[in-house]
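Me: Hi, I'm new to this one and would love a quick tour. Could you look at it with me?

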Amino acid sequence: ISSCRELREPAFTERTLTERFKWKGTLPSCLPAVLQVMEREGSIRKLSEFEAAQSGDWLRWGLGVVARPLSWAWQSYFSARKYDGVYVITSLVKELADAVITEQLKGVQYKSTDRVMKYSEFQQLCQRIAPPESVSVLECYMQSQRLVVKERTKSGLEVVKFASIEEKMVHSVSTVDIGIVCIKETVKSLSEQVASLQQERERLMENVKEKLRLKNKQAALYCLKRVKRAEANLSRREGALDNVQTLLTQIQTAETDAMVLKALKGGTQALKFLRESEGLTLDNVESVMEELQEVVQEGEEVTNIISGNVFPGEEGEETEAELEKELALLVESQVSRIAVGGITEDELEREFSALDINTGGPIFKSVRKARFTTSYSTFTLKTAGQTRTTASMTPGNYILQVIR
């Protein structure tokens, strides 16, 4: 089995294994008995029995195997009849069939067009996985498991359809599938014709140039007419190819649109279910927002009550407005007069002008203790050619120095 797995050969004959396991010219004499034991265990099957099992006639074959005595395997070692037919390794067939499915899925972009193909294309796909002589075995197994289905049309076209990932099994080839295969074959045929006509046009143009070089005007004219006919045929083929490819593209686009519509429908149902299950309805949202607004307003009222005056004033006590009015009058009176001695700024300036630094009379004493509530003021006193005396007054401060 390991040898066949390395070679990817699910089917073999006893003669093949005999040649493969020959060692120094000696043939394995016990090989027939080993094959019979493996057959009884179910590891391998004769090709006829394998085909019968895949076609549905396996029950009778299985009952016949179970009814055989257990000593049959050991007795066959001594009286084994040589079987020249084909054996099939069932586990390896399954592995290779899975590999074919994986290889086919790599090229699937649109399920409607990429899951169907001609039988010849199916054979080429299988031959990339297993030897050509094993393709029939793979086909038999895959059809029995409904991994693929094959159908022949009235025109003799054999169509193979693969199961999708979602369905896992395929039941029949529909008329639409046959039509898609015909469209794909038409595209392939037209593409080959367009390529051939392009090559013919290039060849005829070379002939025209060659005839002109040889100064054979009549032959050049004939070749040029053939060029024009080839170009006309090429234009018609290209137009037909464009129409068929457009049709195929529209089929694929319709599949994509159907997929998108299905996704949108499922998303809509999911969103609707989520809103209903979570209570995200219009009535619930409006009710919650109204309740929230009531709670916020109630909180604002509570805040205003807490920040208000808890202990109201006694009867006859002045209100806050009256206190502010009285304070404003006091400020106005302080601006026009000095707090100490009732001396105005004008009077103070006159006293400073008359101040003599050498006398140090009573005016100096009164000025020194004067306190100002007005804006910052600076006075410069000139003495009799001796010194410059400066007195500074700032609001709320005493005159602290008189510079001699």
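Reply: Happy to! One term first: a residue counts as buried when its relative accessible area is under 20%. By that rule S6 is mostly covered, as four of its five residues are buried. Keep in mind that this is a predicted model.

Me: OK, so what's the mean pLDDT of the protein chain?

Reply: The mean is 75, and 72% of the residues reach 70 or more. Over residues 57–80 the pLDDT is below 50, and that stretch has 19 contacts in the model beyond near neighbours in sequence. Residues 357–404 also have a pLDDT below 50, with 84 contacts of that kind in the model.

Me: Back to S6. Which sheet is it in?

Reply: S6 sits in the middle of an open sheet of three strands, ordered S4-S6-S5, with antiparallel pairing. The edge strands are S4 (116–118) and S5 (148–152), and each of them pairs on one side only. From one strand to the next, the twist averages 25 degrees.

Me: How many bridges join S4 to S6, and how many join S5 to S6?

Reply: There are three bridges between S4 and S6, and five between S5 and S6. For a spot to look at in S4–S6, find Met117, which stands opposite Val160 in S6. For S5–S6, try Glu151, whose bridge partner in S6 is Val159.

Me: What links S5 and S6?

Reply: They form a hairpin, with five residues between the two strands. Gly156 is in the turn and has a positive phi of about 95 degrees.

Me: Which helices lie across that sheet?

Reply: H9 is one of them: it lies across S4, S5 and S6 and runs at about 95 degrees to S4. Helix H11 (residues 175–213) lies across S4 and S6, at about 55 degrees to S4.

Me: Switching topic: what about the sheet with S1 in it?

Reply: That is an open sheet of three strands too, in the order S1-S3-S2, with antiparallel pairing. S1 and S2 (44–46) are at the edges with a single partner strand each, so one side of each has no neighbour in the sheet. The twist here averages 35 degrees from one strand to the next.

Me: How many bridges do S2 and S3 pair over?

Reply: Three, in the antiparallel sense. Arg45 is a handy marker, standing opposite Val88 in S3.

Me: And which strands does H3 lie across?

Reply: H3 lies across S1, S2 and S3, and runs at about 100 degrees to S2.

Me: Now the inside. Which residues of the largest nonpolar core touch the most other members?

Reply: Phe12, Val100, Phe122, Met142 and Phe162 do, out of the 34 residues in that core. The elements that give two or more residues to it include strand S1 (11–13), helix H3 (31–41), strand S3 (86–89), helix H9 (119–127), helix H10 (135–144) and strand S6 (158–162). The largest share, six residues, comes from H7.

Me: What does Val100 touch?

Reply: Not counting residues up to four places away in sequence, Val100 touches Leu125, Cys126, Ile129, Leu138, Met142 and Phe162. Apart from this core lies another, of 10 residues, among them Val116, Val149, Leu157 and Val173.

Me: And Gln104, is that one buried or exposed?

Reply: Buried, because its relative accessible area is 5%, and the limit is under 20%. Gln104 is found in helix H7 (residues 90–106). Leaving aside neighbours within four places in sequence, Gln104 is in contact with Asp114, Arg115, Met117, Leu125 and Phe162.

Me: Last topic: at what angle do H9 and H10 pack?

Reply: At about 110 degrees, with their axes 10 Å apart. Angles from 65 to 115 degrees count as roughly perpendicular, so H9 and H10 are roughly perpendicular to each other.

Me: Which residues meet there?

Reply: Tyr119, Phe122, Gln123, Cys126 and Gln127 in H9 meet Val135, Leu138, Glu139 and Met142 in H10.

Me: Which residues of H10 are buried?

Reply: Val135, Val137, Leu138, Glu139, Tyr141 and Met142.

Me: And which residue with a positive phi follows H10?

Reply: That is Arg146, with a phi near 60 degrees.

Conventions
Residues numbered from 1 in each chain as written. Predicted model: local features only at pLDDT ≥ 70, side-chain atom pairs only at ≥ 80, totals over all residues. Heavy atoms only, no water. Buried < 20%, exposed > 50% of the residue type's maximum accessible area, 1.4 Å probe, protein only. Contact = heavy atoms within 4.5 Å. Core = buried A, V, L, I, M, F, W, Y, C linked by side-chain atoms within 4.5 Å. Pairing = 2+ DSSP bridges. Axes fitted to C-alpha atoms, helices over the stretch in contact; angles between N-to-C directions. pLDDT = per-residue confidence, 0-100. Parallel < 35°, antiparallel > 145°, perpendicular 65-115°, else oblique.
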